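User: Can we go through the packing in this one? I'd like to start with the aromatics.

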Amino acid sequence: MFKISEFSKISQVSVKALRYYDQLNLLKPAYTDPCSGYRYYTADQLFQLHRVLAYKELGFSLEQIRRMIDEQIPLEQIRGMFRIKQNEIQSIVDKEQAKLFRIQERLDAIEHEGKQGVTHDVVLKEVMPQLVASYRQRTCFRQIPEMFRQLDDYLGNAGRPSLSQIILWHGCEKSDEDMDIEAARLLTDKMPSRPPFAVQRLPGIPLMATLIHHCRTTSRCTASTELALWIERNGYRMIENEPRREICIPHEQTGDPEAYVAELQIAVERA
């Protein structure tokens, strides 16, 4: 057996904590010397201590842990509890990482204020009507890949989805988490609509200001600023109630599954 100081070193749990666990009947020493009062522990008790620490990681109080140990919860149930906690923490981490990325984007935009020019070629062209299958919802732009996954599941065997993705940005009235976004795929033949998916024909646009750039569908489109500058400086204005369109083709050379070569399209008319 091990003295409490030795057991503390092995378990990396303080002597003070071990004494407290003893008082709570959470982890009693295997033997207590009646003369000296020294506490002694066995190596097998490390497994019980590991469970105590595991439950603490899950956020349970020591009193709750004592009752759970008395109930002898099966190992598989403990694993399930940890998986749930793991998923919760991973969700928090993902949200915080996305927040950090957005902060960096804002910083980059601030640093380039007043320096931004039009570095891509802008082309004015007519866009013909297009038959598409689409999925529209109010969400954040980070959900665009999931929207296309659901849209492609809907298309199923109706035909291989076109390589390009069409994103229609209808507006953002309340917050970044409540944007009006529509994901669309080109169709060669008409097929029945099935809510929430719609088969429709995008209207033709006589004059579309377009710009080709590299982007990620899960981040903000910085090319929009360039195109806005060009439109303003060249005597045009956006056509009201016509969504900004973005046609994205996968850019496989980067190794990033969310990297695209995109053509940004804004319907315009002479100011």
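User: W230 and Y236: buried or exposed?
Analyst: This is a predicted model. In it, W230 and Y236 are both buried.

User: And Y154 and F197, buried or exposed?
Analyst: Buried, Y154 and F197 alike.

User: How many aromatic pairs are there?
Analyst: The count is six. One of them joins Y154 and F197, which are stacked at 4.6 Å centre to centre, with 10° between the planes.

User: What does that pair tie together?
Analyst: Y154 sits in helix 6 and F197 in strand 8, so the pair links parts 43 residues apart in sequence. W230 and Y236 are stacked too, at 5.5 Å between centres and 15° between planes.

User: Which residues do ring pairs link into a cluster?
Analyst: Y135, Y154 and F197.

User: Switching to the largest nonpolar core. Which residues touch the most other members?
Analyst: Y154 and I181, out of 23 residues in that core. Elements supplying at least two residues each include strand 5 (130–139), strand 7 (179–186) and strand 12 (259–270). Helix 6 gives the most, with six residues.

User: What does Y154 touch, leaving out residues up to four places away in sequence?
Analyst: A133, M191, P192, S193, R194, F197 and V199.

User: Which residues does the second core include?
Analyst: Among its 19 residues are F7, L18, Y41 and I78. That core is separate.

User: Last one. Where does R142 lie?
Analyst: Over the face of F141, with 5.6 Å to the ring centre.

Notes: Residues numbered from 1 in each chain as written. Predicted model: local features only at pLDDT ≥ 70, side-chain atom pairs only at ≥ 80, totals over all residues. Heavy atoms only, no water. Core = buried A, V, L, I, M, F, W, Y, C linked by side-chain atoms within 4.5 Å. Buried < 20%, exposed > 50% of the residue type's maximum accessible area, 1.4 Å probe, protein only. Helix = DSSP H or I, 4+ residues; strand = E, 2+ residues; numbered from the N terminus. Contact = heavy atoms within 4.5 Å. Phe/Tyr/Trp six-rings, centres within 6.5 Å; stacked < 30°, edge-to-face > 60°. Lys NZ or Arg CZ within 6 Å of the ring centre and 35° of its normal.
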